[in-house]
Amino acid sequence: MAELEGYPVLYDTQVTTTGTAAAYQPGAVFVHRSGTGRSQWALAKYVRLNNDGCSKGEALLADVGTAVSYGVKTCSTTEGRQGGFFRGFAAATIASNAYGFMIFSGYCETVDLSHTAASGEALCLSGSTAGKVTPDGASSTMNATLGTSVFATAVSPVAIARTAIATGTGSCQIIGVWG
């Protein structure tokens with residue numbers, strides 16, 4: 001993959017490395033290769049979680065309360081449905097004030113959902129369950145035809161479900177590059 005040359009590469013479970021001391025340069029970007037023949041790829045960033053901790057697959061946002069670009073926090077319900085500060089998904093469970101990887105572009109093996117999603121369905125940040133994503137409103141908004149007199153609060157889809165996912169975890173393709 002010539003377009004990804006120059007980035008250090010993490011294979012399979014290397015992306016689940018976490019700890020209270022930085023094992024890599026905070027903010028560093030890596031290519032993550034996984035799956036059969038390592039054919040799945042993603043971009044991962046080494047980040048520091050604020051004091052709330054997170055589980056694998058939870059949505060992470062920019063931590064605007066810190067002065068560092070690699071600071072993230074778990075998405076709360078008040079920040080749900082709007083993708084403005086979305087940065088990626090936790091690649092592993094990261095403890096409070098610890099370092100770990102966040103997948104911010106490409107294939108994400110584990111994303112945590114608050115509602116069931118069909119394969120190919122758009123996902124947005126959940127407004128009802130902290131840290132989770134949902135198809136609720138994301139796909140219907142993307143397919144809606146709105147008249148000129150209709151006002152709506154637009155959701156911001158951040159990923160597409162790769163398989164049918166019951167409430168819980170499954171895989172997705174992140175839309176764009178967030179980091």
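Reader: Let's start with one residue: what is the relative accessible area of Arg38?

Author: First, a heads-up: this is a predicted model, where local features need pLDDT of at least 70 and side-chain atom pairs pLDDT 80 or more, while totals for chains, interfaces and linings use all residues. Residues are numbered from 1 along each chain as its sequence is written, and side-chain values use heavy atoms, leaving out hydrogens and water. Buried means under 20% relative accessible area, exposed means over 50%, and partly exposed is in between (1.4 Å probe, protein chains only). Arg38 falls in the partly exposed class, with a value of 35%.

Reader: Which residue does Arg38 meet in a salt bridge?

Author: A salt bridge here is a side-chain nitrogen of Lys or Arg within 4 Å of a carboxyl oxygen of Asp or Glu. For Arg38, the N to O distance is 2.9 Å, and the partner is Asp12.

Reader: How far apart in sequence are the parts that this pair ties together?

Author: Strands are DSSP runs of E, at least two residues, and helices are runs of H or I, at least four, numbered from the N terminus. Asp12 sits in the loop between β1 (9-11) and β2 (29-34), while Arg38 is in the loop between β2 and β3, so their bridge ties together parts separated by 26 residues.

Reader: Which residues do salt bridges join into one network?

Author: Lys132 bridges to Glu58, with the closest N and O atoms 4.0 Å apart. That pair links distant parts of the chain, the loop between β8 and β9 (133-134) for Lys132 and the loop between β3 and β4 for Glu58, 74 residues apart. Lys132 also meets Asp112, at 2.7 Å from N to O. Shared partners make one network of Glu58, Asp112 and Lys132.

Reader: Is Glu58 buried or exposed?

Author: Under 20% is the range to look for. The relative accessible area of Glu58 is 10%, so Glu58 is buried.

Reader: How many strands does the chain have?

Author: From the N terminus on, the elements run β-β-β-β-β-β-β-β-β-α-β-β. That's one helix, plus strands numbering 11.

Reader: Which strand gives the largest share of the largest nonpolar core?

Author: A nonpolar core is a set of buried Ala, Val, Leu, Ile, Met, Phe, Trp, Tyr and Cys residues joined through side-chain atoms within 4.5 Å. The largest one has 29 residues, and those with the most contacts inside it include Phe89, Phe101 and Ile103. Strands that each supply at least two of its residues include β3 (40-49), β7 (99-113) and β11 (168-174). The largest share, six residues, comes from β7.

Reader: Why is the pair of Tyr24 and Phe30 classed as it is?

Author: Rings of Phe, Tyr and Trp (its six-membered ring) pair if their centres lie within 6.5 Å; planes under 30 degrees apart are stacked, over 60 edge-to-face, and the rest tilted. The structure holds eight such pairs. The centres of Tyr24 and Phe30 are 5.2 Å apart and the planes are at 75 degrees, so this pair is edge-to-face.

Reader: And which residue lies over the face of Tyr99?

Author: A charge sits over a ring if NZ of Lys or CZ of Arg is within 6 Å of the ring centre and within 35 degrees of the ring normal. At 6.0 Å from the ring centre of Tyr99, the residue is Arg48.
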